[in-house]
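Okay, thanks everyone, let me pull this one up on the screen. I'd like to walk through some charged pairs and then one bit of surface.

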Amino acid sequence: MNNKLKAALGLLLILAITAGFCFLGVNGARDIKLGLDLNGGVSITYQTVEPNPTAEQMSDTIYKLQLKAQGYSTEAQVYQEGSNRINIDIPGATDANEILAELGEPGTLQFADIQGNVLLTGDDVKNASAGMTNNNGTNEYIIQLTFTDEGAKKFADATANNVGNPLFIIYNDNVISAPTVQEAISGGQASITGISDYDEATRIASTIRIGALPLQLTELRSNVIGATLGQEAISTSIKAGIIGLGLVMLFMIIFYLLPGFTASLALIMYTGLELVILQAFEVTLTLPGIAGIILSIGMAVDANVIIFTRIKEELGLGNSVENAIKAGYSKALSAILDGNITTLIAAAVLYLRGSGTVKGFASTLAIGIVISLITALFVTRSLLWTFVQFGATNPKLYGVRKDIKIIDFIKFRKKAYTASAVVILAGFIFLGMNKASIGNLFNYDLDFQGGSSTNVTFNEDLSLEDVDAKVSPIFKEVTGGDASVQASKVAGTNEVIIKTRTLTTEERKDLYQKLVDEFSVDESKITTENISGAVSNEMKADAVWAFIIAIICMLIYIWIRFKDIRFASASVLALTHDVLVTVAFYAGLKWAVGSTFIACILTIVGYSINATIVVFDRIRENLADPEKRKDKADCVNTAISQTLTRSINTSLTTFIMVIVLFIFGVSSIRDFTMPLMVGIVAGAWSSITIAGPLWFDLTNRAMKKQAEKAAAEKAAKLEAKAAKKKSKQN
């Protein structure tokens with residue numbers, strides 16, 4: 001079989017696989033699980049048996065219910081309504097009774113001995129999870145228990161006094177497990193063994209978690225609610241995605257010619273494969289999840305841009321097309337792997353440590369990174385070699401990069417530092433002004449600070465589009481033009497739930513009167529309750545810790561890979577710069593800070609670190625040349641100049657995806673894409689003008705300290721030698 005026939009068969013196979021994934025992806029797209037914002041779900045309201053619970057009891061109960069609800073969906077929301085009610089919103093569900101049956105009625109949990117003495121309660125349990133161990137080749141199912149500090153002491157005493165006897169775990173007066181105590185257990189952790197299968201372990205662990213609540217709850221009501229963004233948001237997002245992808249493909253073909261065409265085919269496969277995997281892994285897709293997909297598409301393009309830029313350089317050096325392709329992939333590999341692995345590390349940490357929308361963002365980002373690596377390193381390469389076998393060996397088809405003009409970025413660095421410092425300082429000033437004028441550092445959305453939830457039963461079944469066009473403007477008028485208005489419908493009824501900032505008594509009266517005048521609704525069918533933020537303090541803390549741990553992990557990885565702490569330090573400082581610049585715009589323009597704020601910041605971090613790694617990889621490569629190593633300023637200037645086209649082109653392709661989403665998206669999506677555009681520009685700016693010069697300054701500072709230390713040691717030796725000589729003379 002000759003090479004052309006092999007190439008033809010290979011091309012047909014790739015095209016067939018691409019078509020297959022696209023067919024499966026498009027047809028399976030309707031089965032992708034969508035979040036509350038895109039598809040609605042089930043809303044359950046519980047009321048505490050205790051009429052006047054404390055704020056601490058409510059907070060602890062909400063957090064533990066959040067852990068339970070996330071067993072159904074990582075995007076589930078739990079928030080307080082009034083003084084003694086808790087709402088649970090589970091996306092994608094359509095049967096409230098089924099969810100209630102699975103969720104169970106939160107009750108009381110007790111650990112008792114054989115005499116019936118209560119030794120521990122649900123308050124003493126921190127968490128419970130199902131697991132599996134391998135004992136001599138046999139799988140055994142277990143439940144891992146974690147206790148609070150006080151609970152650990154109680155459990156240690158309970159096990160010490162009941163060795164050889166069962167310890168009964170009782171939920172709502174029913175024994176759910178009775179493990180025999182083998183030995184006294186201290187340390188705050190224990191395992192329940194002897195469970196028949198994983199489903200039973202999961203059920204018991206779930207019951208322990210839901211029972212380990214500070215408060216006993218009873219069901220008050222349950223509804224199936226519609227999407228908060230509506231069908232229009234989905235259709236416009238899909239339209240924007242298709243148009244954005246088309247524009248990116250056109251850009252790649254115009255700028256990179258034949259390699260750009262192969263990358264475009266790979267992007268089509270990427271999109272189809274992404275849809276298939278989202279469906280297969282039952283990932284709940286929300287607005288932050290869409291951000292993860294946008295970022296991963298940007299990174300998929302980025303990998304190709306790095307490779308194609310290298311191929312152009314090799315052709316510019318006079319190499320043949322075949323050798324240029326080999327060298328291009330070989331030299332680009334380290335930058336691609338380092339950039340994607342650092343972002344993948346961040347995604348893994350965010351998934352394991354984060355909660356809610358953070359998990360959804362991390363899932364889609366991680367899936368996208370893996371697929372983008374496969375398509376860039378294997379699919380695009382196979383397509384290129386196929387075209388080469390068919391005779392596409394003219395360098396003009398690939399583009400030849402001419403001599404690069406070296407720009408003195410080191411000379412410009414102080415101006416760049418100053419410009420960034422001014423923006424960041426302005427951000428802190430705006431934060432102070434916001435604190436003085438609105439009482440908060442930011443314009444917090446309902447997700448962060450809570451507000452009021454108004455239930456209105458209309459005389460007719462209004463569509464969500466009608467609600468957005470006719471009802472929401474009334475709420476915005478009453479709240480003084482506040483944009484934080486979220487509307488959803490209760491399925492099968494004329495009831496609409498609208499959430500706003502907290503309404504005063506006068507505003508409620510005004511609102512009720514306007515609704516009666518405009519829609520002739522019965523005022524008795526309008527109720528308003530204050531609600532807490534869907535993003536609890538614990539979830540905020542989880543997100544912050546996830547962010548910090550991710551940054552530390554990336555720092556360690558870069559330190560190990562580049563064998564220089566200054567590379568890691570400069571990259572973290574550049575990341576911090578990008579976050580602070582974005583925060584400055586949030587504060588200055590009073591953009592709403594809600595759950596999407598977390599996803600936006602994480603998107604910027606993932607995007608920026610990838611761009612910085614590419615520049616650092618070139619600096620590392622240039623340092624391998626003894627001549628360039630002597631002049632570190634020239635080394636940095638050359639590296640940034642060599643990667644400048646890549647930095648601009650990658651930013652442009654990602655910016656295209658985001659700006660199309662901004663143009664075609666609904667208002668809530670625009671609110672999300674505006675900060676992303678700022679972050680993309682900030683990331684490009686820092687990777688070009690900040691990161692490399694920072695490494696240069698940190699390196700010079702370290703070299704200066706070493707020189708001073710060496711000079712001091714030399715002076716000390718000379719002084720000691722002189723003193724010794726003087727003593728001999730005496």
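So, aspartate 338: it's buried, at 0% relative accessibility. Keep in mind that this is a predicted model. Who does aspartate 338 form a salt bridge with? The partner is arginine 620, and the closest N and O atoms are 3.3 Å apart. Arginine 620 itself comes out as partly exposed, with 21% relative accessibility. The cut-off for buried is under 20%, so with its 21% arginine 620 goes into the partly exposed class.

Where do these two sit? Arginine 620 is in helix α17, residues 595-623, and aspartate 338 is in helix α9, residues 321-353. That's 282 residues apart, so this pair links distant parts of the chain. And the pair has company: Asp338, Arg561, Asp617 and Arg620 are joined into one network by salt bridges that share partners.

Okay, how many salt bridges does a search of the whole structure find? It's 13.

Let me show you another couple of those, both involving lysine 154. One goes to aspartate 124, with the side chains meeting at 3.4 Å, N to O. Lysine 154 is in helix α5, residues 149-160, while aspartate 124 is in the loop between β5 (118-121) and β6 (125-135), so this salt bridge ties together parts that are 30 residues apart in sequence. As for cover, aspartate 124 is buried, with a relative accessible area of 3%, whereas lysine 154 is partly exposed at 31%.

Lysine 154 also meets the side chain of glutamate 150 in a salt bridge, at 3.7 Å, N to O. Here both residues lie in helix α5, four residues apart, and that's about one turn of the helix. Is glutamate 150 buried or exposed? Exposed, with 52% relative accessibility; the cut-off for that class is over 50%.

Right, now away from the charges. If you rotate to helix α15, residues 537-562, you'll find tryptophan 545 there. Tryptophan 545 is partly exposed, with a relative accessible area of 47%. It's one of the residues making a nonpolar surface patch of about 630 Å². The others in that patch are Val544, Ile548, Ile549, Ile552, Ile556 and Ile560. Residues need over 30% relative accessible area to be part of a patch, so tryptophan 545 passes that cut-off with its 47%.

That's what I had, happy to go back to any of these views.

Note on methods: Residues numbered from 1 in each chain as written. Predicted model: local features only at pLDDT ≥ 70, side-chain atom pairs only at ≥ 80, totals over all residues. Heavy atoms only, no water. Patch = residues over 30% accessible without salt bridge, like charges linked within 9 Å, V, L, I, M, F, W, Y side chains within 5 Å. Areas by Shrake-Rupley, 256 points an atom, 1.4 Å probe, with all protein chains shown as cover. Salt bridge = Lys/Arg side-chain N within 4 Å of Asp/Glu carboxyl O. Buried < 20%, exposed > 50% of the residue type's maximum accessible area, 1.4 Å probe, protein only.
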